[in-house]
Amino acid sequence: MTRSSNTGDTPAPDGPPVPDVDVVCLGESMVTFLPSRPGRLADVPSFDRAIGGAESNVACTLARTGHTARWISRVGTDGFGDHLLAAIADCGVDTRHVRRDPRRPTGIYFRTAADRATDTHEVAYYRAGSAASAMTAADLDPAAIRSGRILHLSGITAALSADCLGLMRELTARRPGRPLLSFDVNYRPGLWREPSQARALLELARGADLVFVGDDEARDAWGLHGARAIAEALPEPDILVVKQGKGGATVFQRTTGTDRRRDAAATFVPSLNVDLVAATGAGDAFAAGFLSATLRGLPVRTRIRHGHLWAAAALTVPGDLATPPGRAHADRLADLDDEAWGRLHLGPGWTAADTSGRRADEEVRTR
């Protein structure tokens, strides 16, 4: 069921619009076809339908835990567009500002069951000329885009077309009164015609207030090696989250002042031990967990732990979207001491496990 809007289009006296949702997420979503069994795409006989899209994943995950979220995009007037709108709205996301395009189709893609990091993983995208690739600043409602406490964007949008790159440059330009701007680099080599074009992602990241980037992405897209090198190349964002895969995540906070130098100290939190089912969607879930804790004003270390916990929910299900842990459950786990955090081991079904009456440090592996 979609959430209602109250005052997002009404500016405060002599100020920016009053936020009426927690987060606005802008970007393409596609209908995803998941294989019925492992194997090459050529050998898989049938597929199950789901939805996938970095920004809509974040919006759906946040809405499922009680935050208000709005998704802005374009989809076709086809049945796949109908399905996306219905599925995302069913998560509790406001979809009223999604435009329908009668001339362009909704994007779809097929993938194998193998982990994206392995050589056997295959993805077949059918998104060229999609409705979302025609997004421009001129045909989107600027008041709706600015109507959240946070505006969350992804580098995937920038790769879809020249119009989309122009839109992203417009949205990441530093202007007074904009919401806190969150940007997930989400570098996808297959979406960029030339590797050098991915330098545009560095430009966009420099315009954001909060940036998520994997150390592998920064290496492949920008030739940067290690969290400290990434931080030195991105002094502008107030918060820089460097994801280090199974190792953990490091957060750098900008020093208060005008020179935008980074604090010497950084906050590192190791990842959790999980029984991996599929890695797809884990980065989006991490971003959603971190943003949720940011909205709640929690300390940086706790924000990272919420990111890891929500990523663990995605890692232990086969699709892009997972049900995140309940807020009280996640808070208990995030409050563990370092030793207990290191012992935590989570498996499929752990977010639905009944932990009432059990101390957080007594969590057990769930299969």
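## Overview

Buried residues make up 55% of the 367 residues in the chain. The model is predicted. The chain has 12 helices and 16 strands. Of the contacts with a separation of 6 or more, 70% join residues 24 or more positions apart.

## The eight-strand sheet

One open sheet holds 8 strands. Their order is β4-β1-β9-β10-β11-β12-β13-β14, and the pairing is mixed. The edges are β4 (69-72) and β14 (267-270), each of which pairs on one side only. From one strand to the next, the twist averages 15 degrees.

Start with strand β1 (residues 21-26). It is mostly covered, with 6 of its 6 residues buried. β1 pairs with strand β9 (residues 148-154) in the parallel sense, over 4 bridges. In that pairing, Val-24 stands opposite Leu-151 in β9. β1 also runs parallel to β4, and 4 bridges join the two. Here Val-23 stands opposite Ala-69 in β4.

Now take β14 at its edge of the sheet. Strand β13 (residues 248-253) and β14 run antiparallel, joined by 4 bridges. Ala-249 has Val-269 in β14 as its bridge partner. Helix α10 packs on this sheet and touches β13 and β14. The direction of α10 makes about 30 degrees with that of β14.

## The four-strand sheet

A further open sheet has 4 strands, in the order β3-β2-β7-β8. Its pairing is also mixed. β3 (47-52) and β8 are the edge strands, and each pairs on one side only. Neighbouring strands are turned by 20 degrees against each other on average, direction ignored.

Strand β2 (residues 30-35) pairs with β3 in the antiparallel sense over 6 bridges. Phe-33 stands opposite Arg-49 in β3. Helix α2 (residues 79-90) lies across β2, β3 and β7 (108-111). It runs at about 65 degrees to β3.

## Nonpolar cores

In soluble globular proteins, nonpolar side chains tend to be buried together. The largest nonpolar core in this model counts 58 residues. Which of these residues touch the most other members? They are Val-93, Phe-212, Val-241, Phe-286, Phe-290, Ile-304 and Leu-309. Helix α10 (residues 300-315) gives the most to this core, with 9 residues. Apart from this core lies another, of 48 residues. Its members include Ala-144, Ile-156, Trp-192 and Leu-224.

Val-241 of the largest core has a list of contacts beyond its neighbours within four places in sequence. Leu-210, Val-211, Phe-212 and Val-213 are among them. So are Thr-250 and Val-251, along with Phe-286 and Phe-290.

## The α9 and α10 helix pair

The axes of helix α9 (residues 282-295) and α10 come within 7 Å. They cross at roughly 145 degrees. The crossing of α9 past α10 is right-handed.

On the α9 side, the contact includes Ala-282, Ala-285, Phe-286, Ala-288, Gly-289 and Phe-290. On the α10 side, Arg-303, Ile-304, His-306, Gly-307 and Trp-310 are among the residues involved. By class, the contact has 11 nonpolar, 6 polar and 1 charged residues. Two α9 residues in this contact, Phe-286 and Phe-290, also appear among the core members that touch the most others. Ile-304 of α10 takes part in the contact and is on that core list too.

## Two buried loop residues

Where is Ser-133? It sits in the loop between β8 (123-126) and α3 (142-145). Ser-133 has a relative accessible area of 11%. It counts as buried because that value is under 20%. Leaving aside its neighbours within four places in sequence, Ser-133 is in contact with Leu-160, Ser-161, Asp-163 and Cys-164. Gly-107 is 26 residues from Ser-133 in sequence. In space the two are 9.2 Å apart, C-alpha to C-alpha.

Asn-186 lies in the loop between β10 (180-184) and α6 (199-206). Is Asn-186 buried or exposed? Asn-186 is buried, because its relative accessible area of 6% is under 20%. Its phi is near 45 degrees, a positive value in a residue other than glycine.

Definitions and conventions: Residues are numbered from 1 along each chain as its sequence is written. This is a predicted model: local features need pLDDT of at least 70, side-chain atom pairs count only at pLDDT 80 or more; totals for chains, interfaces and linings use all residues. Side-chain values use heavy atoms; hydrogens and water are left out. Buried means under 20% relative accessible area, exposed over 50%, partly exposed in between (1.4 Å probe, protein chains only). A nonpolar core is a set of buried Ala, Val, Leu, Ile, Met, Phe, Trp, Tyr and Cys residues joined through side-chain atoms within 4.5 Å. Contact means heavy atoms within 4.5 Å. Axes are lines fitted to C-alpha atoms, for helices over the stretch in contact, and angles run from 0 to 180 degrees between N-to-C directions. A crossing is left-handed if the near helix is turned anticlockwise from the far one by less than a right angle, and right-handed if clockwise. Ala, Val, Leu, Ile, Met, Phe, Trp, Tyr, Cys and Pro count as nonpolar, Asp, Glu, Lys and Arg as charged, and the others, Gly among them, as polar. Two strands pair if DSSP finds at least two bridges between them.
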